[in-house]
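Thank you all for coming; I would like to spend a few minutes on one structure and on how its inside is put together. Please have a look at the sequence and the model first, and then we will go through one helix pair and its surroundings.

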Amino acid sequence: MYKQIRLRRGKDESLRRFHPWVFSGAIQQVDNNIEEGEVVRVLTEKGDFIAVGHYQQGSIAVRVLSFSDVAVDETFWKSRLQSALRMRQAIGIADSADNNTYRLVHGEGDNLPGLIVDVYGATAVMQAHSIGMHLCRKQIAAALAAVMGERIAHIYYKSETTLPFMTADDMNGFLLGGSNDNIATENGLKFRVDWLRGQKTGFFVDQRENRSLLERFAHGRRVLNMFCYTGGFSFYAMRGGAQLVHSVDSSAKAIELTRQNVALNFPDDPRHEAFCDDAFKFLEVSGQGAYDLIILDPPAFAKHRGALHNALKGYTRLNQKAFEKIEPGGILFTFSCSQVVTKDHFRNAVFTAAALARRKVRILHQLHQPADHPVNIYHPEGEYLKGLVLYVE
């Protein structure tokens, strides 16, 4: 029998609306000797069962795994992973002939809060964002191998950066197999995945559909890909027939991966050049009208609400500089991946930037995360990626 926590009066309302978090302030009583990462049963003030989930110290005290009184065991993990795979098959992402890269598990969006699984060819990269998922990693890996079958041969666990307060070993490493073959395919284009040292799980899978959209706009254009990371937008632009593509990132490691990825798809192509430089400095010194398609995909400017004000100033400043530099008739792809920055926040920051730059701007597309990064309808906080495609006169 799992240990239990009891909620304060009226604090079960969000759970009755199937929101998957229990905040620490909602808790009235906790059983003795509950350890972080344990599975607990959540009770109402009257003692009625309402949820089961992973317990953790901090603001979010319980991440709900189920609103049914079930055992969190091998059968549970297999069932949830099978559900995630079926959804990816239904939308044509899994088992695609020209795409073996996708997100299989997206935390709360797949009713597995605290767990991320990205698939890169024969390797699945698993990442825990909660202590509970970390402690269950071997059981989850076994269930993942059973559900995926021949689709994967390797499972790499990478949680050193997402659980920095943990001191336990086994934060990074293979839980199944082991492979140095890190080349995957996305919509027919090849890229190297640095799951050992790269950001997130090694590649930004969430921009796949937005990269495809960019490809349709790239023909004959001079493209600047800011914060390029491993060059995803760059090689899509090249396939789209861009006249030239410049990739910029402050990380020398990212620039090297960008060069490798471009070479995988377009060896010795003189249209591409990569620069290791600060984004703001590069935009400042770039020539007026040197580019007529610019991508701004910066890292999260705000990771918590306390940083929101400064983040919005940063988005405004960055977009203003792009508006000032872009050629008339140019197209700007601009993004925010900060969860605390809402669509309205971001749009207002870009609006302010356009007004300060005194450019006429029209919205062509409003962008978001792809279908393999689903948003649980009961957990709107899961909608984190937002973007705009703008025509600048």
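Before we start, one term: a crossing is called right-handed if the near helix is turned clockwise from the far one by less than a right angle, and left-handed if it is turned anticlockwise. Please also keep in mind that what you see here is a predicted model.

With that term in hand, α2 passes α4 in a right-handed crossing. The axes of these two helices, α2 and α4, come within 9 Å and cross at roughly 50 degrees, which means that α2 is oblique to α4.

Which residues make this contact? From α2 come Glu74, Trp77, Lys78, Leu81, Gln82 and Leu85, and they meet Gln139, Ile140, Ala143, Leu144, Ala146, Val147 and Met148 in α4. Sorted by character, the residues of this contact between α2 and α4 are nine nonpolar, two polar and two charged.

That leads to the interior, and in general, nonpolar side chains in soluble globular proteins tend to be buried together. In this model the largest nonpolar core has 34 residues, and Trp77, Leu104 and Leu144 are those with the most contacts inside it. Among the elements that give two or more residues to this core are α2 (74-90), α4 (137-148) and the strand β7 (101-106), and the largest share, six residues, comes from α4.

Leaving aside residues up to four places away in sequence, Trp77 touches His54, Val72, Leu112, Met133, Cys136, Gln139, Ile140 and Ala143. Apart from the largest core lies another, of 33 residues, including Phe191, Phe266, Ile295 and Leu367.

Technical notes. Residues are numbered from 1 along each chain as its sequence is written. This is a predicted model: local features need pLDDT of at least 70, side-chain atom pairs count only at pLDDT 80 or more; totals for chains, interfaces and linings use all residues. Side-chain values use heavy atoms; hydrogens and water are left out. A nonpolar core is a set of buried Ala, Val, Leu, Ile, Met, Phe, Trp, Tyr and Cys residues joined through side-chain atoms within 4.5 Å. Buried means under 20% relative accessible area, exposed over 50%, partly exposed in between (1.4 Å probe, protein chains only). Helices (H or I, at least four residues) and strands (E, at least two) are DSSP runs, numbered from the N terminus. Contact means heavy atoms within 4.5 Å. Axes are lines fitted to C-alpha atoms, for helices over the stretch in contact, and angles run from 0 to 180 degrees between N-to-C directions. Angles under 35 degrees count as roughly parallel, over 145 as roughly antiparallel, 65 to 115 as roughly perpendicular and the rest as oblique. Ala, Val, Leu, Ile, Met, Phe, Trp, Tyr, Cys and Pro count as nonpolar, Asp, Glu, Lys and Arg as charged, and the others, Gly among them, as polar.
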